[in-house]
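Q: I would like a close look at a single part of this structure, taken slowly and with the numbers kept in view. Please treat the part in its setting as well.

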Amino acid sequence: MDDILRPSPLSAADKKRLDDLYAMIEREAATFIGYPCSAIFDYRALYPFLSHPINNVGDPFVPSNFHLNTHVFEREVLEIFGELTHIPADAFWGYITNGGTEGNMYGIFLGRELFPDGVVYYSEDTHYSVSKILRCLHVRNIMIKSQPDGRIDLEDLRETIRIHRDLPPIIFANVGTTMRGAVDDLVGIRQILDDLAVHRSYIHADAALSGMILPFVDDPQPWDFRAGLDSISISGHKMIGSPMPCGVCLAKKVYVDRIARSIEYVGTLDTTILGSRSAITPLFLWYAFRTVGLEGFRRRIKYCFEVADYAVAELGRIGRNAWRHANSVTVVFDRPAPEVISKWQLAVQNAIAHVITMPHVTRERIDCLVADVARASSVALGAKGNA
Ligand SMILES: *Cc1c(COP(=O)(O)O)cnc(C)c1O
């Protein structure tokens, strides 16, 4: 590098700001149990790649003019997810996204391109980003009621589709809702389509967290391509864990071929939503599968369930109505006092809160949370008693 191009070293004041920021993150990491992002990963072996302007622009299955890419590794990760989700080999296509939201946008995009007059149906418990995606894509949509446990209300879905029978349904199904970890009844949904003789339909699954749980349990709810999906989105920074958001989106290739455009500038097919894409996150995911392995993830998930059951029992012991769905690591309980929510970074919605027992959440941390919840509620009771 020419000397006039060289950056100057960071000032002492700036260096201190970074040190303070790092100290804050280390401190807060000790009480990080409310969001579904695993903190157990170590990608140091890949850091040398961060010294190059790598970029996975374009379709991972098509060569491009931009050679500083990791498409070969990206495809290996996609193949693993193809097996985990049982996508038919002849239909297989996918790419590594920036996270669950992008994969959901992609699925709805494919559905709308297939059926421009389609209507998207999604439950009240659907992730908050979906209503924004629907606005971006300007697609007709109808929100369906949820059952109290968080699954889509099939009666409401049936009646609503019946009224709009002339328009192809694009079903946005939840495989693990954000707040309650509920899995929509895909068998029931397909039964409705059959009963109403709907022959043109599209089903996308949002499996942000559970898409990396259900492949590793003995008795999964129907959730993958065998249950009739057309596309699926799974987050990478949740159960696998990554310091940079990422995810995978898989879709049947015939739908992708409809939207593909050939671009001379990058010498490849523009089949993805974003242009430039991370080339390091595919390596993170590949490295995780190579070092943790499928058996390792199975063990991790079993551990997560054990800690989840422990949390249900301990929160129940202090009277906080705790429960979880089968095959879910999301433990729902009565909304605690604001200081507990803030300290433990808990996600809340109306009367409920949840902890998510990701692999880094230990029984000891649950004990500390439960002690805080008990202490705060006894203080609140005491205050009421004095008033
Ligand atoms: C986290 C989550 C999302 C969004 O995923 P990002 O990776 O944060 O974009 C979407 N749906 C569900 C159910 C989620 O839990």
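How many salt bridges does the rule find across the interface of domain 1 and domain 2, and what makes up the contact there?

A: The rule finds zero salt bridges across the interface of domain 1 and domain 2, in what should be read throughout as a predicted model. Polar contacts do occur there, and seven residue pairs, both members at pLDDT 80 or more, are found in polar contact across this interface.

To place the interface, the protein chain is divided into domain 1, which takes residues 3-40 and 294-386, and domain 2, which takes residues 48-291. The C-alpha centres of domain 1 and domain 2 lie 27 Å apart, and the contact draws 28 residues from domain 1 and 26 residues from domain 2.

The size of an interface is often expressed as the accessible area lost when the parts come together. Here domain 1 and domain 2 bury about 2200 Å² between them, with 66% of that area on carbon and sulfur atoms. Of the area that domain 1 buries against domain 2, Phe297, His325 and Asn327 supply 29%, more than any other three residues.

On the side of domain 1 that touches domain 2, the elements giving two or more residues are helix H10 (293-317) and the strands S10 (330-334), S11 (347-349) and S12 (352-356). H10 gives the most to this side, with seven residues. Sorted by class, the side of domain 1 that touches domain 2 has 19 nonpolar, seven polar and two charged residues.

The structure as a whole holds 22 salt bridges. One of them pairs Arg200 with Asp117, whose closest N and O atoms are 4.0 Å apart. This pair links distant parts of the chain, 83 residues apart, with Arg200 in the loop between helix H6 (186-195) and strand S5 (202-206), and Asp117 in the loop between helix H3 (100-114) and strand S2 (119-123).

As for the overall setting, the protein chain has twelve helices and twelve strands, and its C-alpha trace spans about 75 × 70 × 40 Å along the principal axes. The radius of gyration of the protein chain is 23 Å, which agrees with the value near 21 Å that a compact globule of 387 residues would have.

Technical notes: Residues numbered from 1 in each chain as written. Predicted model: local features only at pLDDT ≥ 70, side-chain atom pairs only at ≥ 80, totals over all residues. Heavy atoms only, no water. Domains from an automatic or database assignment. Contact = heavy atoms within 4.5 Å. Buried area = accessible area lost by both parts, 1.4 Å probe. Salt bridge = Lys/Arg side-chain N within 4 Å of Asp/Glu carboxyl O. Polar contact = N/O pair within 3.5 Å; in protein donor to acceptor, adjacent residues only side chain to side chain. Helix = DSSP H or I, 4+ residues; strand = E, 2+ residues; numbered from the N terminus. Nonpolar A, V, L, I, M, F, W, Y, C, P; charged D, E, K, R; others polar. Rg over C-alpha atoms; globule rule 2.2 N^0.38 Å.
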